[in-house]
Amino acid sequence: MQKKIGYYPGCSLEGSSREYSESVVTLANAFDVELVQVPDWNCCGATAAHNLNSILSFSLPARILAKAQEAEMDTIVVPCAACYNRLTMVQHELKKDDALRAEVNGIIEAELKCDIKILNIVQFIQMFVADFVASKQQFLFDKKVACYYGCLLVRPHDVLDFDRTEDPQSMDEVMKSLGANPIDWPFKTECCGAGMSVSRTDIVGRLSGRIVKEAADRGAEAIIVACPMCHSNLDMRRPALEKAMGEKLTIPVLYISQAIDMALGKSQKESGINRHFVPVNISLQNKVAAPQVVLEKTEEN
Amino acid sequence: MERKLLTKDSYRSLITKLIGQNYQVVAPVKKDTMIDFLKISSFDEITEDYIVTVSSAKTVAFPRNEKLFDYEKQNKKLTQQDYDFDSIPQSVLIGVRPCDAFGFHSLSSIFCWDSIDKIYTTRLERTTIIGLSCNKADDYCFCTSAKGSPGSTAGSDILLTKMTDGNYIVEIVTEKGAKLVADFSDLFTADGGADKESLLAKVAANFSVDDVLAKINSKFEDEAFWTEQAMRCIGCGACAYVCPTCACFDIQDESHGGKGHRVRCWDSCGLSLFTLHTSGHNPRENQGQRWRQRLMHKFSYMPDRLNTIGCVGCGRCSRACPVDMNIAEHCMSIIEN
Amino acid sequence: METQNIYLPYLMQIDKVSEDAPFVKTFRLKFINPEDEANFSFQTGQFGEYSVAGVGESTFCIASSPTRKGYIECTFRKAGRVTTALSDLEEGNTIGFRGPYGNVFPIDEWKGKNLLFIAGGIALPPMRSVIWNCLDLRENFKDITILYGAKSVADLVYKHELREWDERPDVKLVTTVDPGGETHDWTGEVGFVPTILDKMAPKAENTIAIVCGPPIMIKYTFPILEKCGFADEMVYTTLENRMKCGFGKCGRCNVGKTYVCKDGPVFSLKQLKQMPDEY
Amino acid sequence: MARIGVFICHCGENISATVDCEKVAKVASEFPGVTVSVDYKYMCSDPGQNMVKEAILEHNLTGVVVSACSPRMHEPTFRNACAEAGLNPFLCEMANIREHCSWVHEKSDATTDKAIDIVRTLVEKVKRNEALAPIYVPITKTAVVIGGGVAGIQASLDIADAGHKVVLVEREPSIGGHMSQLSETFPTLDCSQCILTPRMVDVARHPNITLYTYAEIESVDGSIGNFNVKIRLKSKSLDEKLCTGCGACIQKCPVKKIPSEFEQGLGKRTAIYVPFPQAVPNKPVIDRVNCTYYIKGKCKVCEIVCPTKAIRFDQEDSFVEVQAGALLLATGFDVLKTNFFPEYGYGKYEDVIDGLAFERLASASGPTKGEIRRPSDGEIPKKIVFIACAGSRDPAKGIEYCSKICCMYTAKHAMLYKHKVHEGTPYIFYMDIRATGKMYEEFVRRAIEEDEVKYIRGRVSQVYEKNGKLIVRGVDTLLMGQAVEIEADMVVLATAGIASPGSEELAQKLHVSYDKHKFFSEAHPKLKPVETNTAGIFLAGACQSTKDIPETVAAASAAASKVAGLFSNDLLKRDPLIAVVKKCAPPLYSSCTGCFMCIPVCPYQAIDKEEIKDRSGNIIKTISHINPGLCQGCGTCVAFCKSKSIDILGYNHDQVCAEVEALLNEW
Amino acid sequence: METNNTNSFEPKVVAFVCNWCTYAGADLTGTSRIKYATNVKIIRFPCTGRIDFMLLMKAFANGADGIIISGCHPNDCHYTSGNFHARRRWMIFRNLLDFIGMDVNRIVFSWVSAAEGAKWAEVVNESVDQFRQLGPATAYQKLIKNSEFQEVE
Amino acid sequence: MNNLQQKAQQLLESGNYGLIVGYEKGTSGKARPVFIRKAEHASKLIFDESCDQNIAVYLYRQEIKHDKKKVIVANHHTLKSIVELAAENQVFDGDFMVLAFAENGDIIELNTFKEIEKHVATLYHGLTEAEAAMMKKIEDMSLEDRWAFWENEFSKCIKCYACRASCPMCYCPTCTVEINQPQWISVPSHTLGNLEWHVMRAMHLAGRCVTCGQCGKACPLELPIQLLTYKVALDSKQFFDSVAGTSICADNALAIYKPEDHENFIR
């Protein structure tokens with residue numbers, strides 16, 4: 001049975017991080033989930049808006065939520081960690097502050113109920129993928145990986161209520177289930193430099209450089225991320241990183257959705273891996289056939 | 001019985017004149033969501049769009065709170081101020097259904113039994129009851145089973161029956177009625193001989209109240225029967241308060257500081273406190289006994305002691321009942337069992 | 001008859017207050033308006049509505065004898081709202097009184113008979129009226145026996161009158177208290193009223209028994225009287241159902257079709273047996 | 001029949017200057033129920049009081065209203081006067097026409113009228129007053145002390161020395177608590193065990209103290225003066241009467257690798273063990289979870305080697321019941337453990353330890369004989385980073401409070417380290433230094449100045465292991481927030497002090513209120529610091545909030561003196577102005593519906609359930625019951641009860657209603 | 001005309017106060033000789049927790065134009081939590097009265113501690129001013145008057 | 001025979017149950033409570049939208065209180081009331097079995113309070129749109145209009161106490177209105193006494209009203225008195241996050257407190 005779920009890609013996934021969107025769609029399709037885009041969605045405002053205009057920073061995400069509500073979506077998946085963070089924060093604020101909600105409702109001309117379930121990519125995987133992945137998996141992801149969560153996915157805990165803020169584990173668990181060996185490392189939620197990517201590449205070089213180097217030094221063969229910003233800084237800005245660190249860093253950076261796609265045997269094109277700057281030279285070992293049968297049986301049950 | 005005709009315009013004039021002559025005119029008025037008897041100040045307030053009003057017409061002679069007398073305490077001295085009978089206004093009660101009108105008969109039996117309740121009798125004396133025959137009925141109506149009929153004149157001083165052209169057949173029942181007609185004789189014209197029966201609502205007689213009367217006494221001791229009958233009853237006073245014949249009351253004092261008054265107010269045998277002794281003993285301690293009291297009172301005690309039935313078949317209690325204790329059904333089950 | 005407001009009480013002044021037992025008081029009441037007094041008469045067994053302005057009315061019997069003119073007396077126990085207010089009053093205060101209501105003890109029919117009064121606790125007051133009435137017409141009756149019991153010595157009401165009856169040669173008085181209720185100097189009986197009655201084994205012949213007391217006492221007394229051979233029509237009692245009006249309108253005192261306020265409060269055991277169990 | 005006397009006081013001119021006292025007296029004499037109404041210059045003077053007394057006797061008064069100053073001033077005076085004249089003191093009320101009238105208003109008719117209103121109000125109230133008698137509760141002069149740490153020890157000894165019986169209940173096999181684990185104590189650096197162990201021995205030897213170790217409170221019922229405490233004596237698998245404490249069993253026990261709780265896991269113990277050498281009682285218990293016999297059904301080495309045949313493998317838990325007049329809670333605290341700090345690697349890295357573990361490292365009797373060696377490889381650490389406020393003062397972590405003792409013990413730790421490892425460098429990351437005790441600030445200064453402890457004001461964001469070192473990343477806020485990274489050999493976290501495990505459960509058993517951190521709540525933060533809201537249950541030490549040793553001992557002695565004070569009378573006299581559940585005649589018995597919603601309303605846990613039974617013992621209904629020993633008379637339940645089944649003596653429904661009516665209506 | 005009436009109008013005010021804080025605070029007002037309006041008369045309760053909402057209804061039914069409720073500040077309750085319970089009760093009760101159209105400004109709630117003699121005077125004076133502004137509780141007085149006799153409506 | 005009737009028949013035939021409290025067709029198509037004791041009467045039972053009466057009121061009735069072999073057919077109002085009655089110790093676990101209905105009409109057997117509580121958690125707890133609109137209509141009025149509105153409504157009240165009798169939460173054997181020492185509330189049904197009665201009733205339902213609206217439905221004079229208890233229910237939710245009928249724990253909104261409870265009117 002085809003499951004339908006609301007989908008808010010956000011600007012990054014339409015632009016610089018198209019591969020993330022591609023991999024998510026591929027992943028969803030593989031598990032019979034239809035991602036239905038929130039109609040007429042707009043930018044979430046990300047960090048920029050709330051630096052400039054507080055009410056605007058509420059109204060932009062609120063409008064997205066209103067559109068989703070209008071389309072009778074009770075759940076939406078938001079792969080971009082920044083968008084996920086903004087949408088969740090705004091819904092939380094509006095829910096508890098009647099006056100603010102009234103004001104925002106006025107601006108966006110809607111009557112927000114504030115009861116949409118907003119999922120990040122890891123939650124999406126936990127909900128729709130994790131239970132069935134073994135049955136569809138073709139390759140074992142038998143690599144040492146460094147799961148990198150970044151700052152927006154797990155903070156602030158009070159609002160997002162997802163994983164623990166320090167030393168989170170959810171991505172590690174997903175990767176373990178694919179057969180990977182996630183390393184224990186201290187930089188899971190370090191800042192990558194984020195929006196400084198454009199204005200102060202040197203800072204990004206230093207911050208992201210340390211992250212990539214630490215992962216590589218601890219023997220990781222890939223860095224797994226869940227945020228387009230993190231990915232850009234760790235992947236696209238690799239030359240700046242190498243410059244800051246003064247050494248060559250070859251470790252590839254994968255979206256967690258891509259990692260699963262790979263394990264499912266999807267091509268690099270299907271999962272957008274071909275768009276990465278740092279080449280992904282990872283070959284996975286074929287999964288033994290035997291358990292697959294057993295698992296398929298379980299699925300029937 | 002003398003019959004006359006009252007055109008709809010004359011009817012309006014009559015009411016307007018009565019109000020003009022300082023009569024207290026009480027009529028069915030649509031107020032908020034329901035229709036009830038209220039004092040009116042203009043003809044236009046009257047509605048005829050009802051089967052029966054929510055409350056009965058008894059309130060005119062037996063209001064839900066009646067101040068019996070005043071008193072004052074001053075410096076440890078007590079003085080009483082008797083009921084001011086002069087304050088009772090001359091009233092005209094219009095739009096009373098025949099069932100309701102007949103209810104006054106039962107009420108009077110109670111209030112004139114032995115000691116005469118002058119407050120009640122004075123109020124009733126000063127009230128002219130203009131009945132209105134029923135042209136429609138509903139599932140709750142059972143006047144025909146209770147010795148009444150949609151066009152019965154009993155209890156009314158004047159009975160109006162509305163004709164298809166909007167004019168009214170006037171039946172002058174009592175001298176009081178005749179006096180009122182005489183006072184406004186110019187408004188009444190000769191009777192056109194219309195067939196009253198054809199204008200009346202049809203109410204099927206599903207049982208005979210005589211059968212209930214005959215059977216109910218033998219049921220008294222059957223506690224299981226009454227318990228089962230009253231299982232659904234939640235013990236509120238709604239039935240009694242809307243009933244045109246229920247006359248049970250309480251007497252209470254109300255005071256502020258040294259001044260106050262004694263009040264007679266409606267009470268109901270359905271309420272558990274009705275018969276509760278100060279000692280904690282209650283002769284009618286469960287709802288079955290209380291429901292039995294209600295039915296026995298109407299169909300046994302009143303017929304036996306006052307020679308009147310305590311039920312006129314208006315069905316109000318059943319309409320008002322939050323749990324649909326349909327009195328007609330209960331009567332039938334008494335007959336059946 | 002129709003000239004008056006039947007709910008308007010007579011104003012009466014409390015002439016004397018006596019405290020008869022814990023929480024039990026007796027008021028002697030006099031009419032404030034002499035006309036009222038002139039028009040007023042009652043017979044033994046009747047009751048009235050006593051009221052405190054601002055508080056309400058309460059029903060109890062007239063405890064004095066109609067043979068004693070110029071006043072009425074009532075005895076009550078502080079229990080509810082009205083009796084609490086009443087017991088706060090003192091001599092000189094004014095209260096309201098409506099009555100008399102109800103039927104009477106048929107003492108004329110009892111002429112030439114022996115009388116056996118059996119009372120318990122606070123139920124002596126209704127009896128007191130008839131006792132004094134009969135004592136005041138002593139020559140009309142033969143033996144007069146009074147059996148009176150209470151929970152404890154302190155709870156016996158009308159203590160000085162009990163003494164007076166005890167001293168009278170023409171009255172046989174037996175007093176008793178419940179086991180445990182006696183004091184060290186108690187000379188009366190100890191035991192429940194029915195037990196003592198059983199012991200007394202009164203002769204039923206030509207005797208009228210008048211029983212008044214709490215339901216439990218009455219319940220156990222009737223069988224003993226029956227055992228002694230009292231016919232149902234020789235036994236009388238009074239009922240005390242809750243009342244508001246006192247004249248058959250307010251609708252709560254009826255026992256089946258019998259109205260305690262009109263047909264009672266005095267009933268013979270024969271009548272009582274024909275009434276349903278609703279009191 | 002009300003016969004009320006009204007006595008209007010002029011208070012010199014204090015009242016009469018603005019209130020026409022004669023008029024008040026005259027008007028009051030007309031109030032229904034007022035028999036006598038007089039005014040006088042000084043009502044509280046002897047002649048004034050005599051007027052009241054004489055009037056009571058002469059007029060056989062049933063109530064007295066003294067219309068004068070505030071009842072807070074002279075209510076006892078006039079109530080005593082009434083009592084002397086034979087009138088129940090609770091039939092006397094005061095109408096406050098001074099503080100609430102003459103002093104706050106100008107002279108005017110309105111002021112006099114107000115005084116009249118006040119008098120009328122109190123007359124109506126006093127008419128409805130009831131004669132009340134104080135409540136007396138007999139007292140069982142035994143105290144049960146729960147917890148055998150330094151607080152419990154101190155309190156037990158104090159109470160026992162005062163001549164009362166004490167039952168001391170300790171959960172562990174030995175008394176001593178956390179203090180016995182400490183190395184040296186601030187600010188004097190005297191040896192903890194040296195000062196504690198003699199007190200432990202005193203407890204064991206005291207004739208008034210019964211000691212139950214390895215025991216827990218099973219249930220408590222009753223109330224102040226008369227608690228019934230059921231104590232579960234957990235099976236020690238040992239006949240204590242026979243055991244001489246020779247230790248042969250311990251030496252021979254084959255299971256030797258159990259991490260020792262006493263040593264904070266840094267040392268090992270056997271399956272039959274005493275927690276530490278100076279334990280009191282010094283008799284072993286078998287840890288059934290780890291004992292081979294209980295796991296596999298064979299071994300019994302201890303039984304074989306025991307010279308007195310004291311081992312009892314089949315021994316079961318037993319129970320004792322103690323009647324006690326007071327309970328004293330001294331269950332202490334614990335330090336925060338588990339992986340509460342993923343960013344600090346606690347639980348992940350062996351060399352990240354908490355303060356209590358450091359105490360054991362520094363203790364001469366500890367696993368390293370007092371040498372500071374890191375747990376992972378036994379090396380002497382060259383750099384130790386101490387992190388203060390690990391969890392404390394951190395709302396995000398759920399602990400908003402300051403744990404209070406960490407500043408001091410961290411300074412002590414750094415100092416002890418420096419004393420033992422002269423070449424080592426101790427760093428302390430701190431938020432603020434709170435050294436408020438006697439000689440505390442001096443102690444910290446000594447650490448900084450003499451022992452060169454490096455204090456860094458800032459938070460640590462992360463500790464991670466790299467190349468065998470612990471990288472401590474933090475910030476120095478005194479250096480404009482500069483990032484600091486230290487490669488340390490060992491990290492010591494001053495983890496927050498938290499409520500002892502099981503506190504909540506115990507509090508519920510005892511009906512003692514506790515805060516959201518599960519620390520027990522005192523009855524009043526200032527005036528009743530060692531009492532609980534439940535009368536007869538007292539608090540000592542860190543079970544209330546983290547405390548250092550001097551404070552703990554002070555609190556213990558304070559609580560002990562409260563107990564001794566309570567026990568100084570045979571009967572406990574209590575104010576009768578308490579709430580009662582009204583009863584009435586059958587068949588209703590009480591209008592109480594038994595909804596029991598009033599139970600959580602009562603701040604004193606004074607409400608419980610009462611079964612009304614018929615003569616053959618069948619339960620007719622269950623209603624609320626107010627324990628007169630516990631009720632303090634606030635009346636919150638009275639206003640809450642929707643069926644008006646609870647009333648409060650002295651402020652009952654009838655009284656307050658009459659007051660409202662009298663205040664607003666004239667007659 | 002009407003304004004004149006309002007000015008000369010002296011509201012009847014009942015104050016329900018707790019014994020430990022506000023009653024003592026009001027004592028302090030007296031001891032400090034701070035003057036306030038004579039309209040307010042105090043009824044003493046052990047605790048604000050004891051104050052039944054029905055008593056407020058009683059006060060209005062007996063012709064009060066305004067009511068003051070006062071007790072210990074939060075956390076200062078002599079009985080630790082009576083005032084917290086009271087606060088919840090008043091939160092619900094006040095809104096309910098507002099819902100039936102009663103002017104809740106006729107009830108003033110305050111926390112006055114035993115040390116706040118001046119505050120008590122202030123609360124009283126401000127409340128009395130407020131009640132004066134509101135004028136007589138005519139809406140309620142109409143009900144009281146009508147309760148004496150009820151004709152057919 | 002529909003599912004419910006079959007189920008009822010089975011239960012009664014099994015002998016494990018002796019009484020089913022449910023709904024039947026009453027006069028003029030109205031539904032009304034019914035007490036079925038015989039399997040052959042099971043066909044009287046109905047359950048549809050017309051069965052909106054809260055029949056939890058019968059559970060603690062003397063006549064059947066101690067009958068442990070009873071079953072109640074519960075709509076969602078009734079379920080919530082059962083939970084609240086359980087929290088208030090008026091009904092006891094194991095005294096009856098509940099037949100509730102899933103959205104698709106399937107019958108759900110609920111045997112314990114825990115199960116009922118769990119089921120209730122899946123139900124909607126707010127007001128219906130129509131009810132919310134009525135609330136809003138009144139809240140939007142000016143203070144004077146609101147007073148006029150309620151004065152008019154209260155003037156009609158005849159104090160028949162149908163509101164009380166029909167409310168499952170009004171189980172006190174002696175209601176405050178019946179207490180006369182002191183007389184809290186006038187006995188006669190004048191507007192003042194009526195107002196006091198309705199305010200008191202609402203206050204006593206604070207944190208307890210499950211918003212079934214039965215009081216309003218029962219009123220023969222059609223007073224919208226349910227709005228008063230809705231008001232206290234909504235406020236309890238808003239101020240204290242307390243929703244009656246959702247928890248079998250004794251945590252009535254006015255029986256507990258939080259030091260941080262926030263109001264803005266205490267000076």
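**How the two domains of chain C meet**

In this predicted model, the centres of domain 1 of chain C and domain 2 of chain C sit 24 Å apart, going by C-alpha atoms. The contact between them draws on 20 residues from domain 1 of chain C and 16 residues from domain 2 of chain C. As for where the pieces lie along the chain, the domain assignment puts domain 1 at 10–101 and domain 2 at 107–238.

Putting the two domains of chain C together buries about 1400 Å², with carbon and sulfur atoms giving 53% of that area. On the domain 1 side, three residues stand out: Asp20(C), Thr44(C) and Arg68(C) account for 32% of the area that this domain buries against domain 2 of chain C, more than any other trio.

Arg68(C) turns up again when it comes to charge pairing. It makes a salt bridge with Asp136(C), and the closest N and O atoms are 2.8 Å apart. In total, 2 salt bridges are found across the interface of domain 1 and domain 2 of chain C. Polar contacts there come to 11 residue pairs, both partners being at pLDDT 80 or more.

Then there is the make-up of the domain 1 face, the side that touches domain 2 of chain C. Strand 1 (10–21), strand 2 (24–31) and strand 5 (72–77) of chain C each put at least two residues into it. Strand 5 of chain C brings the largest share, with 4 residues. Sorted by class, this face of domain 1 of chain C holds 9 nonpolar, 7 polar and 4 charged residues.

Technical notes: Residues are numbered from 1 along each chain as its sequence is written. Chains are lettered from A and ligands numbered from 1 in the order in which they are written. This is a predicted model: local features need pLDDT of at least 70, side-chain atom pairs count only at pLDDT 80 or more; totals for chains, interfaces and linings use all residues. Side-chain values use heavy atoms; hydrogens and water are left out. Domain bounds come from an automatic or database domain assignment. Contact means heavy atoms within 4.5 Å. Buried area is the accessible area (1.4 Å probe) that two parts lose on being put together, summed over both. A salt bridge is a side-chain nitrogen of Lys or Arg within 4 Å of a carboxyl oxygen of Asp or Glu. A polar contact is a pair of N or O atoms within 3.5 Å; within protein, one must be able to donate a hydrogen and the other to accept it, and residues adjacent in sequence count only if both atoms are side-chain atoms. Ala, Val, Leu, Ile, Met, Phe, Trp, Tyr, Cys and Pro count as nonpolar, Asp, Glu, Lys and Arg as charged, and the others, Gly among them, as polar.
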